[in-house]
Amino acid sequence: MILVTGGCFQGKTDYACETFGIPMEEAADGASCPLEELYQTRLLYHFHEYIRRLLEENLPFSVEKLKAENPEIILVTNELGYGVVPMDRFDREYRERTGRICCQIAKEAEKVHRVICGIGTVIKDG
């Protein structure tokens with residue numbers, strides 16, 4: 001499992017596709033793909049939106065299940081914790097849950113990359 005993270009509109013998906021040699025057409029969009037796609041795709045971008053969809057449908061997420069069923073996946077996600085704290089209760093829960101899930105994934109991931117202005121830095125390797 002590889003995690004690519006960074007701020008909004010920083011070029012994370014392009015970076016991930018180029019770095020790992022995955023055509024954009026083969027990547028899945030977490031904002032709109034079928035939920036089961038997470039366990040089949042090689043690269044899922046907008047992972048934070050995938051988590052939002054799970055929360056909206058009151059569905060669980062398991063890092064262990066993902067690791068067991070799709071251990072080679074590359075997840076691309078926005079860092080949500082650096083911005084303004086949302087006033088809406090659901091949005092605060094979503095922000096916190098996303099951060100905690102990404103921390104779990106980063107802990108389990110083989111590699112973690114952070115992208116700023118289209119430039120990636122490996123912050124975990126191994």
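Start at E26, which is exposed, with a relative accessible area of 54%. The model you have open is a predicted one. E26 sits in the loop between α1 and β2 (28–29). Now add I2 to the selection. Draw a C-alpha to C-alpha distance: E26 and I2 are 16 Å apart in space. In sequence, 24 residues separate E26 from I2.

**Helix α1**

Step back along the chain to G21. This residue follows α1, and its phi is positive, near 65°. Next, select α1 itself, residues 12–20. Its buried residues are K12, T13, Y15, A16 and C17. Which strands help to cover the buried residues of α1? Colour β1, β3, β4, β5 (111–116) and β6 (119–125); the cover includes these five strands.

Zoom in on T13, a residue of helix α1. Is T13 buried or exposed? Its relative accessible area is 16%, under the 20% limit, so T13 counts as buried. Show its contacts, leaving aside neighbours within four places in sequence. T13 then touches M24, Y45 and V76.

**The second largest pocket**

Keep T13 on screen and turn on the pocket surfaces. T13 is one of the residues that line the second largest pocket. This pocket holds about 180 Å³ of space. To see its walls, select C8, F9, Q10, G11, K12, T13, D14, H46, H48, V76 and N78. Two elements, α1 and β4, each supply at least two of these lining residues. Helix α1 gives the most, with three residues. Now colour the lining by class. Six residues are polar, three are nonpolar and two are charged. V76, already picked as a contact of T13, belongs to this lining too.

**The largest pocket**

Move to the largest pocket, which has a volume of about 270 Å³. Its lining is made of 15 residues. Centre the view on T5, E79, L80, G99 and C102, which lie nearest the middle of the pocket. Which elements each supply at least two residues of this lining? They are β1 (2–6), β4 and α4. The largest share is from α4, which provides six residues. By class, the lining has seven nonpolar, six polar and two charged residues.

**Helix α2**

Select α2, residues 47–56. Eight of its ten residues are buried, so the rest of the structure largely encloses this helix. Show the buried ones as sticks: F47, H48, Y50, I51, R52, R53, L54 and L55. H48 has come up before, in the lining of the second largest pocket. What covers the buried residues of α2? Among the covering elements are β3 (43–45), β4 (74–78) and α4 (89–108). Beyond the end of the helix, stop at N58. It follows α2 and has a positive phi, near 55°.

**The aromatic cluster**

Stay in α2 and hide everything but the rings. The structure has two aromatic pairs. Why does the pair F47 and Y50 count as stacked? The ring centres are 6.2 Å apart and the planes meet at 15°, so the F47–Y50 pair is stacked. The two residues are three places apart in helix α2, about one helical turn. Both F47 and Y50 are buried.

Add F61 for the other pair. The rings of F47 and F61 have centres 5.7 Å apart and planes at 65°, so this pair is edge-to-face. F47 lies in helix α2, while F61 is in the loop between α2 and α3 (63–69), so the pair ties together parts that are 14 residues apart in sequence. F61 is buried, as is F47. Ring pairs thus link F47, Y50 and F61 into a cluster.

**Charges over rings**

Two stops remain. Select R52, one of the buried residues of α2, together with Y94. The charged end of R52 sits over the Y94 ring, 4.1 Å from the ring centre. Finish with K65 and Y39. Here K65 lies over the face of Y39, with 4.7 Å to the ring centre.

How values were computed
Residues numbered from 1 in each chain as written. Predicted model: local features only at pLDDT ≥ 70, side-chain atom pairs only at ≥ 80, totals over all residues. Heavy atoms only, no water. Phe/Tyr/Trp six-rings, centres within 6.5 Å; stacked < 30°, edge-to-face > 60°. Helix = DSSP H or I, 4+ residues; strand = E, 2+ residues; numbered from the N terminus. Buried < 20%, exposed > 50% of the residue type's maximum accessible area, 1.4 Å probe, protein only. Lys NZ or Arg CZ within 6 Å of the ring centre and 35° of its normal. Contact = heavy atoms within 4.5 Å. 1 Å grid on protein atoms, 1.4 Å probe; cavity = no way out; pocket = protein on both sides within 12 Å on 5 of 7 lines; lining within 4 Å. Points joined across faces, edges and corners; volume = space filled by probe spheres on them. Nonpolar A, V, L, I, M, F, W, Y, C, P; charged D, E, K, R; others polar.
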